[in-house]
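Biologist: Before we discuss any detail, please put the sequence and the model side by side for me. I would then like to go through the fold by question and answer.

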Amino acid sequence: MVESIAERITNIKSNLPKSVRLIAVTKQVSVDTIRTAYAAGIRDFGENKVQEAEAKQAQLQDLPDITWHLIGHLQSNKVVKALKQFQWIHSVDNLKLAKRLNALAEQFCYSPNICLQVKILPDPNKYGWTITELMSDLEELNQCQHLKIKGLMTIPPQGLDDLQTLSVFQKTKELALEIREKNFSHLKTQELSMGMSEDYNLAISAGTTIVRLGRILFGERKNKKD
């Protein structure tokens with residue numbers, strides 16, 4: 001017997017630690033399906049693209065307690081829209097983007113929650129700071145007073161085995177702790193946004209605070225490459 005979306009959500013939520021926040025990733029998911037997830041108790045929804053999210057948000061204005069998370073790469077020409085549409089931006093992947101977000105956040109009086117995207121291992125298919133780059137940019141990031149920098153986000157490279165994936169998550173947590181020990185006045189790294197459908201249990205064992213689940217809730221997307 002095939003589980004319904006509501007049943008999948010209920011089962012996964014019941015097995016998540018209380019400390020872990022579940023974001024339902026609704027890339028290529030219909031508005032009706034989002035409403036089904038909402039009825040099953042989901043309040044955090046993640047989108048990869050600003051334009052796709054904008055269309056859905058316009059149809060879901062009757063659900064004001066949704067928290068929207070941008071988890072895909074943010075293009076510089078979409079920054080203003082992203083600030084207005086999302087309460088969380090997980091994919092801030094370089095200092096230039098952080099500074100632009102900070103300047104526009106001040107201008108438009110928005111103060112989004114931010115995660116800094118890091119690459120623990122080299123990966124030409126992913127955006128993000130290397131560990132060395134991030135450590136060298138911390139002082140300047142701490143000056144981004146109009147952003148609520150809450151933590152780190154990572155996506156392991158494809159093709160890793162479970163032990164390698166777990167190591168990426170563990171090193172991300174170690175990096176967050178190392179940054180926290182520097183006691184920056186504004187830059188905080190309590191949150192860890194790591195873990196997707198295929199590896200979220202590994203992320204939980206490494207101490208993640210946020211998991212981003214799509215396929216395991218909603219099934220395979222029509223166009224996996226998009």
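The exchange below moves from the overall fold to its core, two helices and a few single residues.

Modeller: This is a predicted model, in which local features need pLDDT of at least 70 and side-chain atom pairs count only at pLDDT 80 or more, while totals for chains, interfaces and linings use all residues. Residues are numbered from 1 along each chain as its sequence is written, and side-chain values use heavy atoms, with hydrogens and water left out.

Biologist: What radius of gyration does the protein have, set against that of a compact globule with 226 residues?
Modeller: The radius is taken over C-alpha atoms, and the globule rule is 2.2 Å times the number of residues to the power 0.38. For 226 residues a compact globule would come out near 17 Å, and the protein agrees with this, since its own radius of gyration is 17 Å.

Biologist: How many helices and strands make up the secondary structure?
Modeller: Helices (H or I, at least four residues) and strands (E, at least two) are taken as DSSP runs, numbered from the N terminus. Within residues 3–221, which the unreviewed UniProt entry annotates as "domain: Alanine racemase N-terminal", helix accounts for 42% and strand for 19%. UniProt positions follow the numbering used here, with feature names shortened, and such annotations may be inferred rather than shown by experiment. For the protein, the count is nine helices and nine strands.

Biologist: Which residues touch the most other members of the largest nonpolar core?
Modeller: A nonpolar core is a set of buried Ala, Val, Leu, Ile, Met, Phe, Trp, Tyr and Cys residues joined through side-chain atoms within 4.5 Å, where buried means under 20% relative accessible area, exposed over 50% and partly exposed in between, with a 1.4 Å probe and protein chains only. By that measure 50% of the 226 residues count as buried. The largest core has 65 residues, and those touching the most other members are L101, L134 and L141.

Biologist: Leaving aside neighbours within four places in sequence, what is L141 in contact with?
Modeller: Contact means heavy atoms within 4.5 Å. L141 is one of the buried residues of helix α6 (residues 131–141), and what covers the buried residues of this helix includes α5, β5, β6, β7 and α7. With the sequence neighbours set aside, the partners of L141 are L95, A98, L116, W129, L134, I149 and L187.

Biologist: Within what arc do the buried residues of α6 fall, seen down its axis?
Modeller: The buried residues of α6 are L134, D137, L138 and L141. They line one face of the helix, because the directions from the helix axis to their C-beta atoms fall within an arc of 145°.

Biologist: Which exposed residues does the opposite face of α6 carry, turned away from its buried side?
Modeller: An α-helix has 3.6 residues a turn, so residues three or four places apart point the same way. On α6, the face turned away from the buried side carries the exposed residues T132, S136 and E139.

Biologist: Which elements help to cover the buried residues of α3?
Modeller: Helix α3 spans residues 50–59 and has V50, A53, K56 and Q57 as its buried residues. These cover an arc of only 130° around the axis, which puts them on the same side of α3. Their cover includes α2, β2 (44–47), β3 (67–70) and α4 (79–85).

Biologist: Is K27 buried or exposed, and what is its relative accessible area?
Modeller: The unreviewed UniProt entry annotates K27 as "modified residue: N6-(pyridoxal phosphate)lysine", and K27 is found in the loop between β1 (21–25) and α2 (31–39). K27 is buried, with a relative accessible area of 12%.

Biologist: What is the phi of Q28?
Modeller: Q28 is found in the loop between β1 and α2, and at 30% relative accessibility Q28 counts as partly exposed. Although Q28 is not a glycine, its phi is positive, at about 60°.

Biologist: At what relative accessibility does C109 count as exposed?
Modeller: C109 lies in the loop between α5 and β5. Phi of C109 has a positive value, near 60°, in a residue other than glycine. C109 counts as exposed, at a relative accessibility of 71%.
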